[in-house]
Amino acid sequence: MTKNPHPTPTRDELLRSSGVLLIVDDIQPPPGLVPKGGTPTPKPKELALFIAVCEDGAVYAFNGHVDLGTGIRTALIQIVAEELDLSMEQVRMVLGDTERAPNQGATIASATIQISAVPLRNAAAEARRFLLQRAADLFGVPVEDLRVEEGVVIAGEGNRRISYAELVQGQHFQIRVSGTAPLKKREDYTLVGRAAPRVDIPAKATGEFTYVHDVRVPGMLHGRVVRPPYAGIDSGEFVGNSLVGVDESSIAHIPGVVGVVVIRDFVGVVTEREEQAIKAARELKVTWKPWTQKLPDLSDLAQALRDNPSSPRKVLDKGNVDAAIAGASQRMSRTYVWPYQMHGSIGPSCAVADCNDERVKVWSGTQNPHLLRADIAWLLEWAEERVEIIRMEAAGCYGRNCADDVAADAVLLSRAVGRPVRVQLTREQEHVWEPKGTAQLMEVDGGLNADGTVAGYDFATSYPSNGAPTLALLLTGRVDPVGAVFEMGDRTSIPPYDYDHMRVVINDMAPIVRASWMRGVSALPNSFAHESYIDELAFAAEVDPVEFRLRHLRDERAADLIKAVAERAGWQPRTAPQQTPPDENVLRGRGFAYARYIHSKFPGFGAAWAAWVADVSIDKRTGDIAVTRVVVGHDAGQMINPDGVRHQIHGNVIQSTSRVLKEQVAFEDSLVASKEWGGYPILTFPEVPDIDVLMIPRETEQPLGSGESASVPSAAAIANAIFDATGIRFRELPITAERVREALHGPSDPGVQAPAEPPKGGRRFSKWLTGSIAGLCGALLGVAATALPFRAEIAPVSRPSADTWSAATIERGRQLAAAGDCAVCHTTANGAVNAGGLAFETPFGKVYSTNITPDPDTGIGNWSFAAFDRAMRQGISRDGRHLYPAFPYTSFQNISEGDMQALYAYLMAQAPTRSRTPEADMAFPFNQRPLLAGWNALFLNRTKHQPDPQQSAEWNRGAYLVNGLGHCSACHSPRNAMGAEKTGAAYLAGGMVDGWEAPALNALSKAPKPWTEDDLFQYLRTGFSDRHGVAAGPMTAVVKELSTLPEADVRAMAVYLASLGTGAEAPAVQPVAASAAPVPTTASLSNGERIFNGSCKACHSDGTGPVLFGVSPSMGVNTNVHSDTPDNLARVILHGIAQPATRDLGYMPAFKDSLSNRQAADLLAYLRHRFAPDKPAWESLESAAAHARANLGTH
Amino acid sequence: MEKTVSLKVNGRDVQVTAMADTPLLYILRNDLALNGPKYGCGLGECGACTVIMDGVAARSCVIPLAGAEGREVVTLEGLGSSTEPHPVQQAFIAEQAAQCGYCMNGMIMTAKALLDRNPNPSLDDIRRELSGNLCRCGTHVEILRAVQRAARGTR
Ligand code: FES
Ligand code: FES
């Protein structure tokens, strides 16, 4: 694969060139999807080019279907190389490009090998016949005397040779596929039917491959889109009609913005660099209409599907079903529910578009380049000829993902800015907006006759899905957002069993959620019902389920396959479940299912046959369920590349096991809430079953599609195995641990969500405020009379020159400044060091830190030492104004004279920065600074610290640092109603700062393990203690500063703090499973567990996961998990840790754009329950999450 | 804030200027044209963006440029090429351990870091190490075999 996205000549260039043999044909392009009741508009026939043999030695083969990561490219190369006697390296396979490849419709239904490869193979045979004839004429020998080796025609003994390239030299041959060129005989095959290594893997394994994500064209810009709030819903009058406005000034501060594009509900940004686009899309202020829509309630899928308007389509009615079922001796009506699922491409969709006034060129990972071209032409109101789609490989999509959406997005952005634009969707956008694999409802009525035969089978299936119009068409209003009905629920709707009385009805219906085909389209859910039901019939008839199936099958190949798979798996006939004795707490079971994937327009045709024997193990207590082994049999006829087929089978088994056990799109208020892999978990390595593949050799049969077949029996096989293990039938997916647990033990996990509480602003400060304002005013006013409210100004001086002090003094001052964290509070995120301006939210209003650089006007440049000393010890500014006690002068009064001098020296020796601090924004009476004099009179003396001669020098040094410069109590001591630090037992007993909880450092510590001197030292030094967790919020900056102090000082602080007795060792608490005991919470622990596993576990695995850069903090010992409030945890989860205390700790991403408040609440509840099971459950978690989300704080 | 940062990438000293909080992933892909690391989630959940930083597997989507300052980063390209693949890459090619291959960067880089640390991992060790790497195509069987093959080769 070259870096150049496309060196291949186009069809028209080849049609015009000389030195070529072209094999062409007139083809009828497929019409695309036709809604129910619509008539397809026939497209004009077009000239398709299949093979081009060129004089430069290149042999091109063209196919309209594309490689979705299934290895189809390799298989097609095998076919072409085989017919033309070329080596595989000699064939350049071009897939999908609209200027090159024929329009053969979308790559769906595993039909590439079965259908679209046929003309290609005929064309290759045509080319071979022509080239051989031409060589024969040149050599004057009969064709029979010629053979071909790697594109060289050889006559007789090999003395006469001519290459294909030479045969076309200087000529232009154009030949139509006649269909009469003889195909190579199977017995002569050297490539087809043998395992061939995939041609793309070496480049992919080394980073040399160009995926669509890797396309870069000169002058390319980066785009991101902002999607509307109707997450994942694409029909209804609000679609394309919900935007109120976009405030472009909201991103004026972001460099590199080239354009903001708004077309109705389509919103996008274009920037020079990718990270700018990410930021711009995140920060762009977009206002949408308030959300008032009433959408169908998706918490009960079966009901939602029943309520969705539908029209029944009877596809089979045989015998007399109603009478037969009425006469059944054992009647069984069953309902099966399939959830909404995601394709879940690992790479979110991406595209590059280059649009000028004449033409647009799009690099896309689309599944259907020709349909996309039509869509884009429609979007631009252009003729299709002006649109070119270059098909690039992307991450696997297993059906329709957002590839087309993003291509259209890129086109709109490129058109707006007149330059090429690359658009990458975010993980959240891909999750929310990909057309889902639809939910489906299968209802079966039937039963057994007294003699154990099947009385009848009445099957109805409801499938709300469609073609999911390309999003930009809907958002811009080019296409009306009306859900169209498509007839696609009928795949494998007719069971493979020959029941005498049988009726099959498809309830065709419009989509509810944006949905489109996904691997195993409707056949997988339909077979879940057919194969679960027949299993139930077999057990009811007391016949072994494999035997029972064979009795009702007429298809011999199916019977052969079933027998072979049963034998391979060592199937033991059974007529009752739970025959495997449980060991300990593990239940084991084994289940069988068989299906053939019947696809395309009804009645369609069959792809490969497949059968499964699945083994499961279930933990009786927790319901945890593992599929331990799958024996899967597969009959795909002739296999072009048996290795490729085997890999497809593996992939199908793993993906479908994942779908059956884990996958279900979560909705909140009927909108898609799963925005990342925690909200939509998929199977991981430790959960992958052992897979034993049995491929039936059928070399003389037609090759059949194998991209989907092996998935189809999955759900029923696993559900049947679970029945075998537990005696319980599961008819709704996914079969999760919580469902199994509930079925075994009754409901334990509330799982039900209480209605969301409205977030309460300022909730965390309520304690400070309650009933205190009046008292506070009184106290302040009362005391003010006896203290000096206004203090004298200290005369300004000119800034002392830096050489006033020795370098040693300045260095000592630097260390002290670090210990005092001056810069932490006196520096804003992007501001100059110590220039002030950082805002502090206090219960009394907002204050800003001051500029402490030596600028004479705005900083402390004209402060004498006396002025500095007074400010530090008494909280009085040089001009006599009182400073708010957010500035911890109550601690700083304890600083020694020498240290104060050094600190002054250091600050004065720094470069001045001119920067005026905003005025504090305090509510009355707190805006009355003189009142603070009274405050000081009350509180300043309480925090005065005296050395303790009974203690070691190290302890006293530590005490001095902690209580003086370190001002630890400023955050870690609770404050009284007047904002003064409490003392005595409350000293260092934990406080709140800027919305963060500063945990107790004294005996009141909630930490599950006591803080030892070593723990404290390690934590203060690095920001991480493996027994306690990682520093976050304001503490990160503190540790950053401390890390520049001499080690002895940090050690001394640790010695002192440890002596405060930071809690006794709590009895060792074992983390418990989510299931252990019911807890009084409204959050769903199971959901929290899922989110933890998908979103958090890679980094917080407690040794059960990978080793990754940075620390891997254990939740079990995390102080925040054991705290009385969830605040710190909620903040860290939602806002991440972008600036860790020290660089080696690693980073934590923010989940605020990926987790809803409800999901965050579930996660918090789970963390608390699992890792602090001895502590009471936290309450009001949704509002805690809402509060944390809204309040990042300034740290 | 824009920042000029020096780091070593695939053995080469490089300097890049960008916002300090730009994820390393975009620096590698856009400034250094290294396509190995892929964007999958941006949340550290899937592993597609994995590189090796100072000898440890690292998720480049959650590490800001500033966090890579002065460090040594190795990407998929830094291991080998299609003509001269690294033994771990060779093992993935030999086992055909890709369907779409989008996850393969993460699998190879994580496996490489594991094998550097533990040349003789058990199958469970490999499963555990890869437990945070997602593959939607279901290539797990081939990937596990590839890592085992690579381990045999490095032994
Ligand atoms: S992209 Fe980095 S872990 Fe998913
Ligand atoms: S091979 Fe496609 S995601 Fe792993």
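Contact here means heavy atoms within 4.5 Å. With that in hand, here are four exercises on this predicted model.

**Exercise 1. Describe how α13(A) and α17(A) pack, and sort the residues of their contact by character.**

Step 1: Start with the geometry. Two packed helices are described by the angle between their axes and the distance between the axes. Helix α13 of chain A spans residues 523-540 and helix α17 of chain A spans residues 714-726; their axes come within 7 Å and cross at roughly 35 degrees.

Step 2: Add the handedness: α13(A) and α17(A) make a right-handed crossing.

Step 3: List who meets whom. From α13(A) come Leu524(A), Ser527(A), Phe528(A), Glu531(A), Ser532(A), Asp535(A) and Phe539(A). Their partners in α17(A) are Ser714(A), Ala715(A), Ala716(A), Ala719(A), Asn720(A) and Phe723(A).

Step 4: Sort the residues of this contact between α13(A) and α17(A): 7 are nonpolar, 4 polar and 2 charged.

**Exercise 2. Explain why Cys402(A) and Cys397(A) are not bonded through their sulfurs.**

Step 1: Recall the bond in question. A disulfide is a covalent bond between the sulfur atoms of two cysteines.

Step 2: Set the cut-off: the two sulfur atoms must lie within 2.5 Å.

Step 3: Compare. The closest cysteine sulfur to that of Cys402(A) belongs to Cys397(A) and is 11 Å away, so the gap is too far for a bond.

Step 4: Widen the view. Over all chains the count of disulfides is 0. As for its surroundings, Cys402(A) is buried, with a relative accessible area of 1%.

**Exercise 3. Classify the ring pair of Tyr457(A) and Phe459(A), and place both residues in their cluster.**

Step 1: Over all chains, the structure holds 24 aromatic pairs. For Tyr457(A) and Phe459(A), the ring centres are 6.1 Å apart and the planes stand at 5 degrees.

Step 2: Planes under 30 degrees apart count as stacked, so the pair of Tyr457(A) and Phe459(A) is stacked.

Step 3: Check accessibility. Tyr457(A) is buried at 1% relative accessible area, and Phe459(A) is buried at 0%.

Step 4: Tyr457(A) and Phe459(A) form one aromatic cluster with Tyr497(A), Tyr499(A) and Tyr533(A).

**Exercise 4. Is Cys135(B) buried or exposed, and which residues does Cys135(B) touch?**

Step 1: Locate Cys135(B) in the loop between α5 (123-129) and α6 (140-154) of chain B.

Step 2: The relative accessibility of Cys135(B) is 3%, so this residue counts as buried.

Step 3: Leaving out residues up to four places away in sequence, Cys135(B) touches Ile346(A), Ile682(A), Cys103(B), Met107(B) and His140(B).

Step 4: Finally, Cys135(B) and Ala48(B) are 87 residues apart in sequence, with their C-alpha atoms 9.0 Å apart in space.

Notes
Residues numbered from 1 in each chain as written. Chains lettered and ligands numbered in written order. Predicted model: local features only at pLDDT ≥ 70, side-chain atom pairs only at ≥ 80, totals over all residues. Heavy atoms only, no water. Axes fitted to C-alpha atoms, helices over the stretch in contact; angles between N-to-C directions. Helix = DSSP H or I, 4+ residues; strand = E, 2+ residues; numbered from the N terminus. Left-handed = near helix turned anticlockwise from the far one by under 90°. Nonpolar A, V, L, I, M, F, W, Y, C, P; charged D, E, K, R; others polar. Buried < 20%, exposed > 50% of the residue type's maximum accessible area, 1.4 Å probe, protein only. Phe/Tyr/Trp six-rings, centres within 6.5 Å; stacked < 30°, edge-to-face > 60°.
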